[in-house]
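Q: Could you go through the labels attached to this model and explain, for each one, the reasoning behind it?

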Amino acid sequence: MSSRRTSPRALARETVRRLRAVADPVKADGVQRYFKHTVRAYGVAAPEIRALAGELYDSVKGTWTAADAIALCDVLFAARELESKAVGSLILCRFKKDLPPTFPAKVEAWLTADLLDNWASVDGLCPEAMGAFLAAHPESLATVRRWALSPSRWVKRASAVSFIKLARREEFLDAIYGVAASLFPVEDDLVRKATGWLLREAGKRDPKRLEAFLLARGPAVPRTALRYAIERFPEPRRKELLAATRGR
């Protein structure tokens, strides 16, 4: 590659060109079965996506900043295909140690505008990038907790999955349980699954605290979230918790 600096828009064009070159319509049709709403895809396998993202990152490493990676995502997230969004997220995550203080507002803007309009795209960005940001900027915890109250289902899901990689750290458990409690009233299957996933991860750090949290809220815990949350408990205890909470 040339040593001349590549612009974010130029790298976005190269990303799309490379993805189109290996597109597989049959695989693209198969992607749909993982989603309950219509998505678009090139049909490129995950290992190929990761390899492409790594190659493109190497081409700008040393000349780009986190701001450039964010600008790249502005372009790639606007594309409809899942793989374009995935490449953008993978490259941005390489800059996770240098994300600016305005990063949560940028993520919320992407989500609110439905630029990450499926669970895979939200989950591809938020656990890694937002998780790293929150670890470095705990003063932003309250901002992400407020996402649970957003009218956007994607912002709501992000409020949960942004904490996934922080769930085994004691200092984040108060925020995690606060987010979960705020999400319990949300009647959205994708949000409930994310809530349960988050609670399951928190339970790995402190299973007794998870049990106490679920029992204290009883029927307020959506059944979907509950089943995800207690997956790692022994079967007899799972049955006891299901009976004791009698969730929706």
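A: A salt bridge here is a side-chain nitrogen of Lys or Arg within 4 Å of a carboxyl oxygen of Asp or Glu. The model is predicted, and the side chains of aspartate 188 and arginine 153 in it meet in a salt bridge, at 2.9 Å from N to O. Because the cut-off is 4 Å, the 2.9 Å pair of aspartate 188 and arginine 153 qualifies.

Q: What makes the pair of aspartate 188 and arginine 153 a tie between separate parts of the chain?
A: Aspartate 188 lies in the loop between α10 and α11, whereas arginine 153 belongs to helix α9, so the pair ties together parts that are 35 residues apart in sequence.

Q: Why is aspartate 188 called buried, and why is arginine 153 called partly exposed?
A: Buried means under 20% relative accessible area, and partly exposed covers the range from there to 50%. Aspartate 188 has 11% relative accessibility and therefore counts as buried, while arginine 153, at 32%, counts as partly exposed.

Q: How do you know that arginine 17 and glutamate 14 form a salt bridge, and how are they placed in helix α1?
A: Their closest N and O atoms are 2.8 Å apart, and the limit is 4 Å. The two residues are three residues apart in helix α1, which means that about one helical turn separates them. Arginine 17 has 47% relative accessibility and so counts as partly exposed; glutamate 14, at 25%, also counts as partly exposed.

Q: What makes glutamate 170 and arginine 205 a salt bridge, and where do they lie?
A: Their side chains meet at 3.5 Å, N to O, which is within the 4 Å cut-off. The pair links distant parts of the chain, with glutamate 170 in the loop between α9 and α10 and arginine 205 in helix α11, 35 residues apart. With a relative accessible area of 38%, glutamate 170 is partly exposed, and arginine 205, at 36%, counts as partly exposed.

Q: Which residues are joined into one network by salt bridges that share partners?
A: Glu14, Arg17, Arg18 and Glu55 are joined in this way. Across the whole structure, the search finds 21 salt bridges.

Q: What is known about the largest pocket, and which residues are closest to its centre?
A: The largest pocket holds about 570 Å³ of space. It is lined by 22 residues, of which Ala46, Ile49, Leu82, Ala86 and Ala120 are the closest to its centre. The largest share of the lining, six residues, comes from α5. By class, the lining has 13 nonpolar, five polar and four charged residues.

Conventions: Residues are numbered from 1 along each chain as its sequence is written. This is a predicted model: local features need pLDDT of at least 70, side-chain atom pairs count only at pLDDT 80 or more; totals for chains, interfaces and linings use all residues. Side-chain values use heavy atoms; hydrogens and water are left out. Helices (H or I, at least four residues) and strands (E, at least two) are DSSP runs, numbered from the N terminus. Buried means under 20% relative accessible area, exposed over 50%, partly exposed in between (1.4 Å probe, protein chains only). On a 1 Å grid over the protein atoms alone, a cavity is a set of points where a 1.4 Å probe fits but cannot get out, and a pocket is an open set with protein on both sides within 12 Å along at least five of seven lines; lining residues have an atom within 4 Å of a point. Grid points are joined across faces, edges and corners, and a volume is the space filled by probe spheres set on the points. Ala, Val, Leu, Ile, Met, Phe, Trp, Tyr, Cys and Pro count as nonpolar, Asp, Glu, Lys and Arg as charged, and the others, Gly among them, as polar.
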